[in-house]
Amino acid sequence: MSGPFLLRKFARCLLTLLLAVTFVFVVLRLSGDPVQRMLADDVPARVIESYRTMWGLDRPLPEQYLRYISRVVQGDFGVSFRDDRPVAAIIAERIPATLHLGLLALGITLLIGIPGGIVAALNRGRVVDRVVMGITILGHSLPNFLLGILLILYFSMTLRLLPSSGIGTWQHMVMPAITLGTSFAGTVARFTRSAMLEVLNQPYMRTARAKGLGRPARVWRHALPNAAIPIVTVIGLRLGALVGGATVVETVFGYPGIGSLLVNSVAQRDLAVVQGVVLLIAFTMVVTNLTIDLTYGWLDPRIATSGKGAKA
Amino acid sequence: MTLPGIITLDGSAVRPAVQTRSARIGGPALSVTDLSVRRGSVALVENTSLSVATGETLCLVGESGCGKSLTCTAIMGLIDAPLAAEGSIRLLGREIADLPERQLNGVRGRDVAMIFQDPMAALNPIQRVGAQVAEILSVHGTTSAAERGREVLALFERVGLPDPARQARAYPHQLSGGMCQRVMIAMAIACRPKVLIADEPTTALDVTIQAQILRLLRELQDDTGMAIVFVTHDLGVVAEIADRVAVMYSGRVVEEAGVHEIFDAPRHPYTRALMACRVGTGQPGTALPAITGSVPAPSARPDGCIFAPRCDHAGPLCLVRPALTQRGTSGTRVACHHPEEAQ
């Protein structure tokens, strides 16, 4: 990796983060006075005023913005409007649960999506292909929470096998992970299928066959690595979204992760926490995207991310 | 499509350069009988028969779309739906046309190997070329990685790649087209196949590189005694490498003869027309001759002789009755109603 290349990427990431924070900051302040929303109607004006002063909401917007940014840079994300605890601590205690669920769901997504896409591509136009593609459309168009509710109805209410909400045992993970994992498997399958179809017709696949390689070896050693870039890209986007994007599933299953924290904070107008969560989500997205960009050069040596990839 | 520079690899006019090498030519290595490749009811290649002996080079020539490449692909068993191949393909006396895919995989790359027109595209772009050559060794039984590594270096050395150890670690995009074709050849000869199918292996290369690749193939043939089926539309290349020539037209072989006979006394009007179209045979300042019209689509072949609509000598018989193959002495054959009259 060459220095200027990394530096440029890095600067772009910082800019993206800044834009995300700015956008959230402005939009949240345009959407009404949080103090009035949080306090009861009969609270005296004096009290409201004192809260505003405490949270700095009485200052002009530009000043509030600059103060916020300068604190974030120093690692201070402010305190929650509700219970005065530091935002960083509130978020940090939710992260393990979210990562747990997110990675489990990602595993399910990959286990279903990639083989599904490969099988569909290898059987292009045949019944298997149509069935797989039909399922992906179904998975894509069914809302995320619907499967969750159906699972709860069957496994929790009817069979009484699995807990419908909460956290703690592996049983608590099963339904949220399946709901979250399957919601994206269809998209991965579609990307895998189209990437594979493009690769399967390439001349080097014929060479592999002319060498006497069997089909499994041709698929795993030649086709899939060449189809990897679009697949990795779409998975990376999902990886970033899994951190904050499980809002619906976490809400349905009462799962205490980042997603439900975001939903609650928005409902309660806890601006500091909302800003903190959005920043975290933006940060995750940016980091995964950067990571993916860097893997391209490793996945395909023709993509020059370094000086040494030049002509031999 | 003939590149002007190819006419003369040695500076003279196009003439068969290959001296008779009958001493080295042995028994049949590959014989194809009545091979047809169909898409639905349309025959893209029809009743094609070819044979090539150990140490011999058979050139398949003809215009684009006449079924040369398809014939090769069918010999390798690489025909997939919606195409279907039928007919007999005997490799060293063993029928391979009906082999199931798994057994065919044991034959491909080991007994019969293939090199392709665009070597850069025929190599996996994200694998080091050394690994790609090593892979064919591992498929066909070289279990030790160290041994494979040594063999790859020896093969690279043999096909004239400079600094084999470094080239083995290169990716295809870091090599030139000619070097990629040498890698492909190294891969093809890795398991010492008895038959090499070369599908326009020099078409995508520079003229000077073409000559080097042809010379390399000849040397390798002299060393190993492999039979070569060489597809080209370039008569300069034919003169350079062929022992025998089969001329294909619209999915069929219309004439087959030794390379000298093809150049000195072509019998089929199509072959003669091809010869007349060679660059470098006409008078300076005159327009190059061309065969008028184009190859009929396989779905719209004429009832009579397939070449009749473009033939200067076609008579009433040619328009109504297909021309059957007439066999001559020493394996020559021609599919024409009036091969002698048209002379």
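Helices, taken as H or I runs of at least four residues, and strands, taken as E runs of at least two, are numbered from the N terminus along each chain. With that convention the tour can begin in chain A of this predicted model, at the end of one helix. Select α12(A) and move past its end to A:Arg269, which follows the helix and has a positive phi, near 55°.

**Stop 1: chain A as a whole**

Display chain A alone. Chain A has 13 helices and 0 strands, so that every element listed from the N terminus on is an α element. The C-alpha atoms of chain A fill a box of roughly 85 × 60 × 30 Å along the principal axes. Of the 312 residues in chain A, 32% are buried. Among contacts in chain A between residues at least 6 apart in sequence, 71% join residues at least 24 apart.

**Stop 2: two packed helices in chain A**

Select helix α5 (residues 87-122) and helix α12 (residues 258-267) of chain A. Two packed helices are described by the angle between their axes and the distance between the axes. Here the angle is about 135°, and the axes of α5(A) and α12(A) are 8 Å apart. How are these two helices oriented to each other? The angle lies neither over 145 degrees nor between 65 and 115, and α5(A) and α12(A) are therefore oblique to each other.

Show the side chains at the contact. A:Ile91, A:Arg94, A:Ile95 and A:Thr98 of α5(A) meet A:Ile258, A:Gly259 and A:Leu261 of α12(A). By class, this contact has 4 nonpolar, 2 polar and 1 charged residues. Next, colour the buried residues of α12(A): A:Ile258, A:Gly259, A:Ser260, A:Leu261, A:Leu262 and A:Ser265.

**Stop 3: from chain A to chain B**

Display both chains. Where they meet, 24 residues of chain B are in contact with 18 residues of chain A. On the chain B side, the elements that give two or more residues are α2 (101-107), α3 (119-122) and α4 (129-139). Which of the elements gives the largest share? Helix α4(B) does, with 3 residues. By class, the side of chain B that touches chain A has 13 nonpolar, 7 polar and 4 charged residues.

**Stop 4: chain B as a whole**

Hide chain A. The secondary structure of chain B comes to 12 helices and 12 strands. The radius of gyration of chain B is 20 Å, close to the 20 Å given by the globule rule for 343 residues, so chain B is as compact as a globular protein of that length. The C-alpha trace of chain B spans about 70 × 50 × 40 Å along its principal axes. Of the 343 residues of chain B, 47% count as buried. Among contacts in chain B between residues at least 6 apart in sequence, 67% join residues at least 24 apart.

**Stop 5: the sheet of four strands**

Strands of a sheet pair through backbone hydrogen bonds, either parallel or antiparallel. In chain B, 4 strands form an open sheet in the order β2-β1-β4-β5, with antiparallel pairing. Its edge strands are β2 and β5 (94-95), each of which pairs on one side only.

Select strand β1 (residues 28-39) and strand β2 (residues 42-53) of chain B, which are joined by 8 bridges. B:Val37 has B:Val45 in β2(B) as its bridge partner. The hairpin of β1(B) and β2(B) has 2 residues between the strands, and B:Gly40 takes a positive phi near 65° there. Then add strand β4 (residues 83-91) of chain B, which is antiparallel to β1(B) and joined to it by 8 bridges. In β4(B), B:Arg90 is the bridge partner of B:Ser31.

**Stop 6: the sheet of eight strands**

A second selection in chain B shows an open sheet of 8 strands in the order β6-β7-β8-β3-β9-β10-β12-β11, with mixed pairing. Strands β6 (112-115) and β11 (325-327) stand at the edges with a single partner strand each, so one side of each is left without a neighbour in the sheet. The twist averages 20° from one strand to the next. Within this sheet, select β9 (residues 244-249) and β10 (residues 252-258) of chain B, which pair in the antiparallel sense over 6 bridges. B:Val247 stands opposite B:Glu255 in β10(B).

**Stop 7: a single residue**

Finally, select B:Leu153 in helix α5 (residues 145-158) of chain B. Is B:Leu153 buried or partly exposed? With 17 other C-beta atoms within 10 Å, B:Leu153 is partly exposed, because a buried residue needs 20 or more. Leaving aside neighbours within four places in sequence, B:Leu153 is in contact with B:Pro164, B:Ala165 and B:Ala168. B:Leu153 and B:Gln167 are 14 residues apart in sequence and 9.2 Å apart in space, C-alpha to C-alpha.

Definitions and conventions
Residues numbered from 1 in each chain as written. Chains lettered and ligands numbered in written order. Predicted model: local features only at pLDDT ≥ 70, side-chain atom pairs only at ≥ 80, totals over all residues. Pairing = 2+ DSSP bridges. Axes fitted to C-alpha atoms, helices over the stretch in contact; angles between N-to-C directions. Parallel < 35°, antiparallel > 145°, perpendicular 65-115°, else oblique. Contact = placed C-beta atoms within 7 Å. Nonpolar A, V, L, I, M, F, W, Y, C, P; charged D, E, K, R; others polar. Rg over C-alpha atoms; globule rule 2.2 N^0.38 Å. Buried ≥ 20, exposed ≤ 12 C-beta atoms within 10 Å, placed from the backbone.
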